[in-house]
Every structure is written in structure tokens, then in C-alpha cells.
Amino acid sequence: MKWKVPSWGLLVILLAAGAVLQLAIHLEVINAYWALVVTYMCIAVISSLGLGIIYGFSGQFALGHAAFMGLGAYTAALITRYMGVAPWTFAIALVGGALLAGGVAWLVGLPILRLRSDYLGIATLGFGIIVRVLFENSDKVIPVTAGARGMTGIEQPDFVFLWAFLLLLGAIIVARNLRFSSPGRALLSIREDETAANLMGVDVVRYKTIAFVLGCSYAGLAGGLYAHTFLFLHPSNFDFIKSFDPLLIVVLGGLGSITGTVVAGTAWVAVLEGLRLVLPGEVLEWRYVIYPVLLIAMMLTRPQGLFGTSEAAILRPREAEAPAAPALATEVTADGTHP
Amino acid sequence: MTYVLQQLLNGIQLGFVYALIALGYTMVYGIVRLINFAHGDVFMVGAFVGYFTLRALARVTLAGASWLNGILLFLLAMLAAMAACTLLNVTIERIAYKPLRNAPRIAALITAIGVSLFLEYFSSLKFVFGPNYITFPSPLPAQTWEVAGLRISAIQVLIAVVATLLLLGLNYIIRYTKIGKAMRATAFDRDAARLMGINVDLTISFTFGLGAALAGAGGVLYVSAYPRVHTFMGIIPGLKAFTAAVMGGIGSLPGAFVGALIMGVAEVTAKSLYSTMADGVAFLILILVLLVKPSGIFGRAEVEKV
């Protein structure tokens, strides 16, 4: 996997935009609530990009994403609890959270990734519930987590939004480089047809594990950011229901499309928060009535997601770099198999 | 020993209710390969319809003896719930799933999640069912009998009898009626079934309706035993029932039944031993079963043709 940045110019512009936004938050031009919202956008997209690698790229129907996010969140929160929230300890905490989530994913993945399609989905969903139950009982081993009462006393590091934003850019670049590299093509071939990929010499088990571990590390990283943005962790924040959120985002954006995931993730948070703004207080409980209606309407009108499998031009490799790229842009199969 | 048997009995009681939900999941999955996440919420609607029917009939006396009266009222509430759920699920299928029958499978799954959220939050609105917990009035007197040291409640007998009759009825429909044959044929090969002159759309609608009727009955039975009705009550039983269906081998009816009994017994046993871990144990069993037999206990391993 060669390190390539899609466009240096755009990257500089984005970095500047992130810095300006952070400055606006710091000077309270943007109030604390909306600062949380934009930070959460970054977190939701990072986590969804992770599921995009697992499900969108390699086609593994995993429904335990929230659990890995929770593992990252609790790990990072515990690390900063004992080491403080200086930038370098915060970095250690985030890396620690991502590594732990990835490590657990590897251990769990060894046996569980043999399962296919819906069986994999329900097994990972079950794993997610087991992890939530463990969080609820975690105070018996680590009293600080406070189990089912929820963990408090997490300190906020400086410039959390900027951290989330920079890590999001990094996450996009890594996912994009993976997508157009040789391992990435191996993952896509597994998604399209596992048997054929195997026959063509792709080490299916190895690549599925790589995708699962990397995707779950994304979730762990997002979890670490989540813990230090909201400063309160409760097992119900990482319940199996929450695993559907990144799934919705990945499917709404278009399976395997990084562009789609970024757009859908941002829009998803924006719609949920926007409804809160638009609806007057007395009908606020309609928020979660309107949201599923939008979701169903969206799926009925565009079942392949916003972007299908296509990428924005900026994320596509230039012709000279990857001559094989156009051949990969196959449409999602419609014959009832999991794409 | 008595304690173990008592837990087993309580577990089977729960397992029967799970079986009624699990069968709906597994039938729908068998015929359209869709994990119908909204099924648990149909079960919730059934419980509410049962509650409102019983409340409306509170002053009605159908028979002289209070026992007979209670049973008759209960059956009426259950029939109302079954009818309402059938109507609801058939409507959902027509609006939300049918247009997606030839789309990627994940699109229908996301729609199912949407329908599930819609049912939960729409019914939480004040003018629908409301967001509060409601106590379900027990249709039967709180009678228990001692048999060989085991305590058996009237509700347990009712659940066992009603669930068994429903399961026998289902078995009859699927094995010995024309529509049952059509269901099996459609589940086996939809295109071939259509070529043989089977009305596939009608058969699929019937399957959704049949599954929902069982879920509705399950809902009323569930709240008779655990008398708390609220709009999010369907999520966890629905999930457990689905897990049971997967454990038994999804698409297999006896598998769903056996899986549901295992889930019920496992849950009750785990609760009696260590209550806060109970939810985890059931899913641990699921993962272990799948690792040994990746297509479930009664599931056939699908041979992939190359």
C-alpha cells in the first residue's frame, strides 16, 4: 500500500477549514452544543468508514460495530483517567483504544469470521450484546467505569474537534489508499465472489481478518474520541441498536463508496440534529417518527445508496496510477446475494 | 432438583412465547431471505391490542364462571391481536418490502430497521399508545397448583396449551393445505414456483400475515405472564426469538421451536444464577452453537455451486 494523498491542494484547504472551525469553537462563535454536533459528525463518519471497510469493501455483514466503539471508548477514557489529557497522553489513549478494539476484533474474528452472511451478522450482534453486558458488570473489576451507572469524570482535552477532524482526514486517506491498493482489490474481489477470489489465489481468510481488524480499529478510534467529546460513557451508548447507525450510514451512502459514507454520515447527523431545530418543542417526539420515514423513503427510491459504488473524482486514482480501476466499478449484484 | 425442574418449567414457558415469535421470523426469512427487524415491534403492537381489547371488555361477562369468563375474554383479546397484527404486517410488506424484492438484500434490511423504529416511536406518541409503562390486567385468577413439588401457575398452563394449539395449527397449515404447499414451494425456489402457477406475491403476503398472527398471539401471552406493556418491549424478545431461529437453523420450523426452548431455558437459568449477566449467556450459547454448526442445529449447509 503506497502512501498517496489524493490532492495536496485540497488537503491544505481542508486543514485550514478545520483550523478555522476549531478557532470558532474556541472563541465560542459556535456554541458548545453545535461544537458537539460537528465533532460527532467526524466521529460518526470515522466509525462508519470502519464498517465501510468491513462490509462495504469486503462484504462481511458485521453488526457488532458499536461494541468495538465502546471498547475503544472505555480504554481511552481509562488511559486518560490515569495519565491526564495532555496532547501526547490523549494520543496514547486514542491509539490504545484503537489497538484494543483491533486486538479484540482479531481474537473474535479468528473463529467468527468463518460464518457467512446473516449468520455472521447475528453472531457479531450477539457479541455486541455480550460486550454491553460486560460493560454493565465492568465495575466489579475496574470500579472507575461504574458499570451500569455510567462512567463519569472523563477530562476534556484541548481542541477535541481538531483532533477528530484531523483523524477523520487521516481515516479517509487510509481507507482511500486501501481501496485502490492490491489488498483493497483483494477485499473487493471477496465481496463480489468469495469462491472466485479464493480460486484466483486471494488469501480469503487473511484479507477478511485484515478488513475486520482495521475496520474495528476505526471504531475503537472513534470510541476514544466519543469518550472525550461527551465525557460520559454508558453501556447503553454502545448497545446493539447503535450498531445499526453505522450500517445505515454505509448503506445510505452506497456500499463501498468512501465519498458516500462521508456524505451520508455528515447528512445523517445533520438531519437528526436539524429536525431538533426545525420541530417546535411540543412535537419534538415526532423526530424519531420522521427519521424512519425518511429512511424508508430513501431506501425505496435509491436502494443502491446515494453514490452506489462510485467515488468522487478527488478520491479516484489518476489513470496512470491504477489502470485496473475502471474494471472494479461493478454495480452491486441484484440477485439476492449480499453484495 | 426441584429447583432445577422449576427453572426448567419457567424456561419452557418463556421458550413457548419465543417460539411463537421465532416462527414468524424464520418463515419470513425462509421465503424472502429478509431479517424482518420489525417483527418484534409487531409483537409489541399485538400486546397493546390485547390490552385495549381486555380493557374495553372489562365489564363484559361472557360466561357465569369467572374462570371460563377469563379464558373467553383472553381468547377474544388474543384473536383481536392476531387479526390486527396480520393486517399490520401485510400492509408493511406491501408498502415497505415488496418494492424492494429485486433490490440488493441489504436495502430491504435497512427498510426493516426503519419500519421497526417507526413502529416504536410512532406508537410512543401520546395519541397512539403513549410512552408510559402499562400494567396488563391478568385475565385469569392468580392460581397456582403444586404438582410433585413444582409450582405451576394458571398462566403457565394457558401459555402451554394455547401455544401448543397454535403450533399444531401452523404445522397443519404448512403441511396439509394448498397455501402451505405454496409457501414451501416459494421458499424452495421462487422462480420455479411462479412458473408452476403459484401466486408468489399472495403467498409472500400470507406468510407475513401468518407470522404476524403468531407474533400477536405471542404478544398477548407474553404480557399475561410478564404484565408490563410498553412501546419498546418488542426489541429484546424479538431479538432473542430471532437468535433462537438462527440457532435452530434459519428457515427451519422445528429448528425455530427447539432454538426458542433453548433460549428460554438458558435465559431463565442464567437469570436465576447471576441476573446481571443473563442477556450475555443466551448469546454466548448462540455463538458457540454457530461455531460448531455454522448453519444452526437443524439448518442445512448450503452447497455452493461454482
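Helix 9 of chain B has its buried residues covered from both chains: the cover includes helix 5 of chain A along with helix 1 (2-32), helix 2 (39-56), helix 8 (200-225), helix 10 (253-273) and helix 11 (278-292) of chain B. Contact here is taken as C-beta atoms, placed from the backbone, within 7 Å of each other. Helices are DSSP runs (H or I, at least four residues; strands are E, at least two), numbered from the N terminus. This is a predicted model, in which local features need pLDDT of at least 70 and side-chain atom pairs count only at pLDDT 80 or more, while totals for chains, interfaces and linings use all residues. Residues are numbered from 1 along each chain as its sequence is written, and chains are lettered from A and ligands numbered from 1 in the order in which they are written.

Of the 14 residues in helix 9 of chain B, 12 are buried, that is, with 20 or more other C-beta atoms within 10 Å of their own (12 or fewer would be exposed, anything in between partly exposed; C-beta atoms are placed from the backbone). Among them are B:Pro237, B:Leu239, B:Lys240, B:Phe242 and B:Met247. The helix, residues 235-248, should span 20 Å at 1.5 Å a residue, and its end C-alpha atoms are indeed 20 Å apart; the expected span is 1.5 Å times one less than the number of residues. Right after helix 9 of chain B comes B:Gly249, with a positive phi near 105 degrees.

As for the interface, 35 residues of chain A meet 39 residues of chain B. On the chain A side, helix 5 (117-136), helix 10 (240-253) and helix 12 (287-301) each put in at least two residues, with helix 5 giving the largest share, 10 residues. That side of chain A breaks down into 25 nonpolar, 6 polar and 4 charged residues (nonpolar: Ala, Val, Leu, Ile, Met, Phe, Trp, Tyr, Cys and Pro; charged: Asp, Glu, Lys and Arg; polar: the others, Gly among them).

Chain A itself has 13 helices and 0 strands. Its radius of gyration is 20 Å, in agreement with the value near 20 Å for a compact globule of 339 residues; the radius is taken over C-alpha atoms, and the globule rule is 2.2 Å times the number of residues to the power 0.38. Of the 339 residues of chain A, 51% count as buried. Helix 7 (residues 182-192) of chain A is mostly covered, with 8 of its 11 residues buried, including A:Arg185, A:Leu187 and A:Arg191.

Conventions:
Contact = placed C-beta atoms within 7 Å.
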